[in-house]
Amino acid sequence: MIFSQTEMSSVQEVNPMVRGIRAPKILQSLAARITQEITQGAKKPFQQVIDVSSGDPQRAGMAPISFIRQVLAVCIYPELLKEKSLPPDARQRAQKLLGVCNGGSVGSYSSTSRGIPYVHKSVAEFIMRRDGGVSSHPEDIIISSGSENLLSLFLHLMASGEGETRTGVLTPMPCPHTLPTLLDMSGVTLVPYQLMEDRGWAVDLDELHRALKTAKGRCEPRAIYISNPGNPTGHVQDRKSIEEVIHFAATEGLVLLAEEVYQDSVYGQEKEFISYKRVLFEMGKEYSETVELISFHSLSGACMGECGQRGGYMELVNLDPGVEYYLKHIQDPYSPPVLPQLALEVMVNPPTPGDPSYKTYSQEILHSQSTLSQNAQRACEILNDLPGINCQPGMGGVFLYPCLHLPPQMIEEAKMLGVEADVLYCQRLLEEEGVCLGAGCENEQEEPNYHIRLCVLAPPATLEEILARIRSFHLRLLDRFP
């Protein structure tokens, strides 16, 4: 037997909520419990828990971008408009944003249920700059408390039918760890398509056709979800791959749901972010006027890293007028929170050359990007040097997604305990070394694959500590077996 009776009891305590689901919240709950025990004086082999299971760089110790915090601080407390220690452009931006708020205050409701029109205009202008002049209209922008809320809104609207007529969504495996639960809660069927790990987690056209074919008779696929850069794989699609997906969606009559949250964090050699909308419009009117596309972006992206602000937007392209009307006018009787809207405006409209804050802002963004790139390379090298771990290099985003080749005894032990083997691996790592990783999300295959999810956007010293703890645990685990 691999684990003691005490360890087995600890796993079994979690079992009712872990069995049958990937349950990332279970590991985070365990991390919170261990942290509380340390606070109360319990002796552990480590002094603190380091949680790098989600893409939250500030939780891992990364500093926020100064300009966005300065602007928001002045918006919250306008007396700071007189504070000369703050950059003048930060104060000017705050004054302008307060001017578009009802009553000149962030404490007032937005002027419309859709939010502040000025922010929609800024987002549309950002999209046009990003996409080389491809038109974008403020009325096609919907802002809410995070991109997941927006996706959930659309999924609930799209959900219909039962059995073989139930709405299905083609979903990459692996996918964002919250997505399967979101799909289930929305009443739609997850139709998995496997990303090609041996090709750096690339999207494969034949696999899309296979997934669509196997869904027939089980549900009615009506959309395809894709994240670029990949979450949690770090894969960055090239133009040819995006064109293939668009052509596939057009041929099969699928709505394209493009999550592009990590568009500002591409660091792979000779890789660049190209939006689905830009490629769609460059493919000609046959596609640009017919393919239904919804793209998502968020404050939680790597460089901003403002996960706690819970701000995001989606842009609607070619949607049915009735669907658009619902999303724009009936979806929410309440306006979105004001501060996340203002933070979004700063994200899409940052300081430019010549502005007093530009030098500091550009240095902080560069620091974040270089830290991410160097950390991803360092972590990949260390993980690949461990027996039983294989890690594809990252190209973008904030995660690495290494594959675990676990001893058969551990897999059998996990089966006996009713958990997936990678969940058990993460739990043991958390209990023994105080590192909280995410477990894989694609184990519904005939031949399960086991993976861990690691956010690498953290201070380099913190990452070194994380990697040292993982190495110590992993080698110790392998020593337990003959």
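**Helix H14, two cores and a buried Glu260**

Let's start with helix H14: what covers its buried residues (buried means under 20% relative accessible area with a 1.4 Å probe, protein chains only) includes helix H3 (66-76), strand S9 (389-390), S10, S14 and H17. This is a predicted model, where local features need pLDDT of at least 70, side-chain atom pairs count only at pLDDT 80 or more, and totals for chains, interfaces and linings use all residues. Residues are numbered from 1 along each chain, and side-chain values use heavy atoms, leaving out hydrogens and water.

**Helix H14**
- The buried residues of H14 include Tyr361, Ile365, Ser368 and Leu372.
- In an α-helix there are 3.6 residues a turn, so residues three or four places apart point the same way.

**The cores**
- The largest nonpolar core (buried Ala, Val, Leu, Ile, Met, Phe, Trp, Tyr and Cys joined through side-chain atoms within 4.5 Å) has 58 residues, and Val52, Tyr425 and Leu437 have the most contacts inside it.
- Elements supplying at least two residues each include helix H2 (24-39), helix H14 (358-384) and helix H17 (460-479).
- H16 gives the most to this core, with seven residues.
- Another core lies apart from it, with 55 residues, among them Leu212 and Val255.

**Glu260**
- You'll find Glu260 in the loop between strand S6 (255-259) and helix H10 (276-282).
- Glu260 is buried but has no salt bridge (a side-chain nitrogen of Lys or Arg within 4 Å of a carboxyl oxygen of Asp or Glu); Arg130, the nearest side chain of opposite charge, is 4.1 Å away.
- The Glu260 side chain does reach the backbone nitrogen of Tyr276, at 2.9 Å.

Conventions:
Helices (H or I, at least four residues) and strands (E, at least two) are DSSP runs, numbered from the N terminus. Buried means under 20% relative accessible area, exposed over 50%, partly exposed in between (1.4 Å probe, protein chains only). Lys and Arg count as positive and Asp and Glu as negative; His and the chain ends are not counted. A polar contact is a pair of N or O atoms within 3.5 Å; within protein, one must be able to donate a hydrogen and the other to accept it, and residues adjacent in sequence count only if both atoms are side-chain atoms. Contact means heavy atoms within 4.5 Å.
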